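I opened this model to look up a surface patch and a sheet, and I note below what I found in each place.

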Amino acid sequence: MVHLFARSAEPVKNVGGSLRRPTVEWVAVTVLCVSLAVASAIEGWLWRIDQTIYDGVLTSWVSPPSDQVVIVSIDDASLASLGRWPWSRRIHAALIDRAREVGAAAVMLDVLLDAPSRDDPAADEALARAMRDYGRVVLPLSQATTGSVLSGEVLPLPLFADAAAALGHDQLEFDPDGIARSVYLWEGFGTPRYPQLALALLRVVDPTVRKLYSQPTPREGADAQQWQRAGWLRIRFSGAPGSYIHYSYRAVLNGEVPAAALRGKLLLVGATASGMAEAVPTPTSGLSRSMPGIEFQANVYDALHGDGVITPLPSWVAALVAGLMVGGLMLVLLYADARIGLMTSFALAAAALLLAALGVTVGGWWFGPASAVGGCMLAYPLWSWRRLEAAQRYLDAELIALEREGSPIGLLPDDEGAAADPLEQRIRIVRQVAQHQRDVRRFIADTLEHLPIGVVVIDQLDRVILHNERARYLLRAFRSDALLAALRELPWPVYVPMRDGLPDLSGFSGIRQFELTPDKKRYLLVSVADLVTESSGRPGRVIGLADVTAMHEAQRSREDTMHFLSHDLRAPLASILTLIDGQQGGGTPDWGPQIPRIARYARSALDLADGLFRLVRAEGSDPKDFVELDLAGLVDSAADEVWPQAQARGIRVEVDTRDAETEEAIVRGDFSLLRRAVINLLTNAIKYGAANSTVSVRLSAEGPDWVIRVSDQGAGIPPDALPRLFKRFSRIVEEGRDKPTGVGLGLLIVKTVAERHGGAVNVQSTLGQGSTFELRLPLRNATALPITG
C-alpha cells in the first residue's frame, strides 16, 4: 500500500520528538512577528494605512468651526462684479476700510503683494495707508524658485511689509499621498524666522501665544542658502470644505453683509473662484471638492487657537506599542485555544486603533497603529500555521499507523489506490479507519447481543450505555431505565457497601460476585466490576448476569439422588444381608421361605438402578443422533410391553393409531427413549388405574405436533399433588391405598425425554374419574428442532 508522504516511512515514535518543538517554534514566530512590527513602525512601511486610519479618525471626530472666523471669498460672483483679476489695490484698501468701520478683529489678506501696481501707482499708497490706519492686517509671503530650486523668499513690497501688522508664510505640507495634513509653524530662507500665516494672525490677535509658539533658535551649521523649517505639527480640521462662514468679497465691499455679522470677527480674505483658488485635498475632503487655501488657513488658525494641534509621536513609540502588543498576543496564543487566540488578536488590534483614536481626539498626539494591527493580524495565522503543521505531522503518523494496523477483526481494508493529492490520501485513510471502527462497534454489539450471559454497562453518571438481550430477559426489563431500576431492586447482601443502589467497589480491585435470588424460582450469579476511565475519577460499572438456576436444580437433584441412593438402594441390600446373616447363625439354613423376600429386595434395588440409568441416558441424549422413526409402531410396541402387567390387574389396554393411517407419524428421535417414555406412562396408568378397568393410548395429529395421550380410570390425582408429579423421586400416596412400588423416576424420565425431543408432557386429572397424560412431540412429517441442553 502506498503511503501518503515521504516522511511516512519514519517510525511513529519520532512524532513525539516533533511535538516537542512548539516552544522553539513559538520563540521563532514571536521574534519574527515582533521584529517585523517594530521595523515597520520605525521605517514607516505601513504609512499609507496609518494615514488612512488618521483620516478616518479626523473625519469621525471633527471639532465645530469657530464662529469668530469669517472667510471673505474672492469668488466667481466677485470677479463678475468687480472685473478681471488682478483688481486695483484701491478695492483691497476699500475692503480694509470696511473691516475697520464695522469693527472686525483683524484681516488676513491672502494676496501676494510682491509687485507694484503699473496702472495706478497711487493705489499702492492707498492700500498701505488703509493697512496702517487699521493696524491689524496680516500679509503672506512665499518661496522663490528658480526652476525646481528654492532660491529665496517672495516678500510683499516694503511699502506693504511695513504697513502690515505681521507677515507669515502660507506654505502647506503635503504627505507622500498628496494630502495636506500638517504645517510647519516657522519657515524661511536660511533660517525659520517667519511664522505660519495663521500663526501670524493669532500672534496679532492674541499676543500671549508668542510664548507658546515662540520663534525657534537657529540651528548651528544650518545652510543659509536653503529653505529652513521648524515646528512641524498636524492640525485637526473642523469639517469638510465649506464648513466655515463664507461671505462674498463683493457683498462685504458693497455693505450687503450686516456690520453685526463682521464685528469682532477675523476676516480671512482669499480666492475661492474656479481656476484661481489654490485648492488642496485634506483628510476631511472625502469625495467632495478640495479645500481652498484660505479655508485651510482658517483650520490652521482654529487648531492653534483652540488646542486642535496634533503632535506626532516619535516612531519608537509606535514600535514599542507594536512590540508589546504582538509579544503579549504570542503569550496568549501559546497557552490559549484557537478561539481565545482569535478573539485576542482582534481585541488587541482594536485596542491599538482605539488608542490611536483617543490620542488624536483627547490627548492631541498621534502614533501610527498599523504596525501593531498588522503584527497582531500576522501573528495569529503564522502561529496557527505552525500549530496546524505540528497537528498534521502527528495526525499523518497516526493515520499511517492505523492504516498499517488494519481492521482489528481481521477484515481486509478497501484498497482504493493511491491519490496524488495528500488531502485525498488522508481522507481515504480516515474513511477506512472510520469504517473499521464501525465494523468493530457492530462486531462488539453483535458479540455482546449473543453472549450466553447478561451484560449491563453503566457509565459514571449512572446511565446504562450498553446491555444485551440476555440481560433484559434475566432482569425482566426491556428499557434502559427499567434495567437500572431492576438492578437496584435485586436483593443485594446487607454487608455490601452500596452507591446509588448498586455495590460500591471503591478500594476493591477485581470482580466481586454475588449469588442472588430475585424470586423463589430463579438464582442469578451477578458479577460487578468497576469500569475506570482516564477522563473521570468516578468509575462506571460492568455487571454480568448468569442464570444458575439449572446448576441449583442439578445440585438438588444430585442431593436427592444421593439421599435416595443411600436409603432406597441401601435398604434392600441391607435387608438381604440381614436375611443371610440370620440363616448363617447356626444349623443348616432353610433358604426356602427367604428366597421370595430376597428376590423382592434384589428386584427393588435393580429397579432403582435401572431407573437411574434410564434418567441419565435421557438427560445425556444428543439430538444430533436422532433418526426418523414411526410413532405408530412405537406405540404398539410399548402397549405390547405392558400387556402382562395389565393382565395381572385385569386392565384392558386400548390402542388408537388411526391418524397414522392417513398421515405417516414420522418424527426424529431416539426410539428406545421414546418407547420407554410411553411405557412409563402406560405403567403409571396401570399402576394407579382401577382394577378391571380400561387404559387407552391414542396417537393423534394436532396442528404441527403429534400427541400421544394415555388415559386411565383411576381415582385421579389431587390438585395439590400435580406440581410434584414430574420431580425426582416423587411418588403420590393416596389414603386407603398401599404405598406404590417404584422409585419415583418414571414420570421424570418422561418429562426429560419430551424436552430433549423439543416437546412437552402435560397431565389432566379429575378426582374419581382418572387422569390423562399427554406427550406432545413437535414437527409432524418434519425433522425435530435441535435442542441444546
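**Surface patch**

I looked first at Leu32, Leu36, Trp45 and Leu378, which form a nonpolar patch on the surface with about 370 Å² of accessible area together. Patches take residues with over 30% relative accessible area and no salt bridge, joining nonpolar side chains (Val, Leu, Ile, Met, Phe, Trp, Tyr) within 5 Å and like charges within 9 Å; a salt bridge is a side-chain nitrogen of Lys or Arg within 4 Å of a carboxyl oxygen of Asp or Glu. Areas are by Shrake-Rupley with a 1.4 Å probe, and for residues only the protein chains shown count as cover.

The model is predicted, so local features need pLDDT of at least 70 and side-chain atom pairs pLDDT 80 or more, whereas totals for chains, interfaces and linings use all residues. Residues are numbered from 1 along each chain as its sequence is written, and side-chain values use heavy atoms, without hydrogens or water.

Trp45 sits in the loop between helix H2 (22–43) and helix H3 (47–60); helices (H or I, at least four residues) and strands (E, at least two) are DSSP runs numbered from the N terminus.

**Sheet**

I then traced an open sheet of five strands, ordered S24-S26-S27-S29-S28 with mixed pairing, where two strands pair if DSSP finds at least two bridges between them. Strands S24 (652–656) and S28 (760–766) are the edges, each pairing on one side only. S24 runs parallel to S26 (residues 694–702), joined to it by five bridges, and valine 655 stands opposite valine 697 in S26.
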